[in-house]
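Hi,

Here is the structure I promised to pass along. Have a look at it first, and then read on for what turned up.

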Amino acid sequence: MRSIWKGTVSFGLVSIPIKVVSATENHSVSFHQVHTDDGGRIRYRKVCELDEQEVPREEIGRGFETEEGRTILLTDDDMAALPLPTAKTVEILGFVPAEDIDPIQLDRSYFLAADGQRADKPYVLLREALKRSGKVAVAKLALRARESLGMLRVYEDALALHTMLWPDEIRSASGVAPEGEVAVRDQELDLADTLMETLGELDWSDLRDEYREALEELVRAKAEGVEPPPDELRRRTEAGGGKLVDLMAVLERSVEEARGGRDAGEGGEATVHELAERRSGERPATKAAPKKAASQKPASKKAATKKSATKKSAGKQSAGQGKGKGKSTKQSASTSTDKAASKSTKKTAAKKAARPRKTA
């Protein structure tokens, strides 16, 4: 990797010669600006606004415009004469826990490579000291024509440098979050926790830039003169975009989809959202009905024991045995009919079922 900056890391009285190389690379698809009529490239030329002549690179300098509108020229010698101790030095200011640095301050990422064999031992010394302490180093350095803060940490077996923004470069977050009081129910938080646990850990090897892949496929298709593939990303965006939906329902569906269809039926009945709706629509007697029906037979036996002396209960018992005698309410008649049907043979049930058809 080609180095973009050379200098030393100042660690107290220890100096470590290093080379700075980029730790990241951009895979975005780049475009040219072209003339849509003939496909010619559009070029930008640096032209002086006074004489309207194109200026070569060696004649272009840097200027600073004052509040009065004057332009002050600054040469390379002026910049080199600045009393900047970090011009070629990464000066370590201190060591702090990594959680003390908010990721919003991080800007660019670089690797620090040891520059020569004499840098190997102090390089490893700083790396192992950072590993043992569990902390990161905060430093200052001048890079890309400006002085920046930097964070040094261990990345695999190398030292990584992350340039940082100055504290006054971080904007205030006031007015960004919803200002009114927004109530979030415990059931919604429980579903959100369930969704987080269901999704599990992230497999970084599966992550890819789907937009770039679709764009490259589109370019290949147009180059070959075939029909471009369907835009899946656009269809997904249109399918889920911009509609206000029931948060609980979306959370429940998300949990079921994350489980991959496993326990989908169980999750549909036991979710908090559906329970809340069922409780609001049901009556207390509805839940007691199945228990009452299940225990109907033992209760009738107890009632028969207590009222065995009465003729009415005796009539009910005889009706339950299939004799069909005695008067009773519609409910007791239906109950006795069900009992008789369950005790009778298939042949008797078939004869009784055939009689209404013949009468009709």
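Let me begin with a single side chain: Arg208 is exposed, with a relative accessible area of 54%. Please keep in mind that this is a predicted model. Arg208 has a partner, since its side chain forms a salt bridge with that of Glu213, at 3.0 Å from N to O. Glu213 itself is partly exposed, at a relative accessible area of 33%. As you know, side chains of opposite charge can pair when their charged atoms come close.

**Other charged pairs**

In total, the structure holds 10 salt bridges. Another one links the side chains of Arg220 and Glu217, with 2.7 Å from N to O. Why do Arg220 and Glu217 lie about one helical turn apart? Both belong to helix α4 (residues 210–224) and are three residues apart there, so about one helical turn separates them. Arg220 is partly exposed at 43% relative accessibility, and Glu217 is partly exposed too, at 36%. Elsewhere, salt bridges with shared partners tie Arg127, Glu128, Lys131 and Asp157 into one network. Within that network, the side chains of Glu128 and Arg127 meet at 3.1 Å, N to O. Are these two buried or exposed? Arg127 counts as buried because its relative accessible area, 15%, is under the 20% cut-off. Glu128 has a relative accessibility of 36% and counts as partly exposed, because that value falls between 20% and 50%.

**The barrel**

Now to the overall fold. The protein chain has 13 helices and nine strands. Seven strands close into a barrel, and going round it the order is β1-β2-β6-β9-β8-β7-β5, with mixed pairing. On average, neighbouring strands of this sheet are turned by 40° against each other, direction ignored. If you would like one pair to look at, try β1 (residues 3–11) and β2 (residues 14–22), which pair in the antiparallel sense over eight bridges. There you will find Lys6 standing opposite Lys19 in β2.

**The nonpolar cores**

How many residues are in the largest nonpolar core? The count is 20, and the residues with the most contacts inside this core are Val9, Ile18, Leu112, Leu126 and Leu152. At least two core residues come from each of β1, β2, β5 (89–97), β6 (106–114), α2 (120–133), β7 (135–142) and β9 (158–164). A second core lies apart from this one and has six residues, including Val136, Val138, Leu149 and Met151.

Leu152 is a good place to click if you want to see the surroundings of one core residue. Setting aside its neighbours within four places in sequence, Leu152 is in contact with Val9, Val90, Ile92, Leu112, Leu126, Leu130, Val136, Ala137, Ala139, Ala160 and Leu161.

**The chain as a whole**

Finally, some totals. Of the 360 residues in the protein chain, 17% count as buried. The accessible surface of the chain comes to about 29,000 Å², and carbon and sulfur atoms make up 52% of that. Among contacts in the chain with a separation of 6 or more, 57% are between residues 24 or more positions apart.

Happy browsing, and best wishes!

Key
Residues are numbered from 1 along each chain as its sequence is written. This is a predicted model: local features need pLDDT of at least 70, side-chain atom pairs count only at pLDDT 80 or more; totals for chains, interfaces and linings use all residues. Side-chain values use heavy atoms; hydrogens and water are left out. Two strands pair if DSSP finds at least two bridges between them. Helices (H or I, at least four residues) and strands (E, at least two) are DSSP runs, numbered from the N terminus. Axes are lines fitted to C-alpha atoms, for helices over the stretch in contact, and angles run from 0 to 180 degrees between N-to-C directions. A nonpolar core is a set of buried Ala, Val, Leu, Ile, Met, Phe, Trp, Tyr and Cys residues joined through side-chain atoms within 4.5 Å. Buried means under 20% relative accessible area, exposed over 50%, partly exposed in between (1.4 Å probe, protein chains only). Contact means heavy atoms within 4.5 Å. A salt bridge is a side-chain nitrogen of Lys or Arg within 4 Å of a carboxyl oxygen of Asp or Glu. Accessible areas come from the Shrake-Rupley method with a 1.4 Å probe; for residues, only the protein chains shown count as cover.
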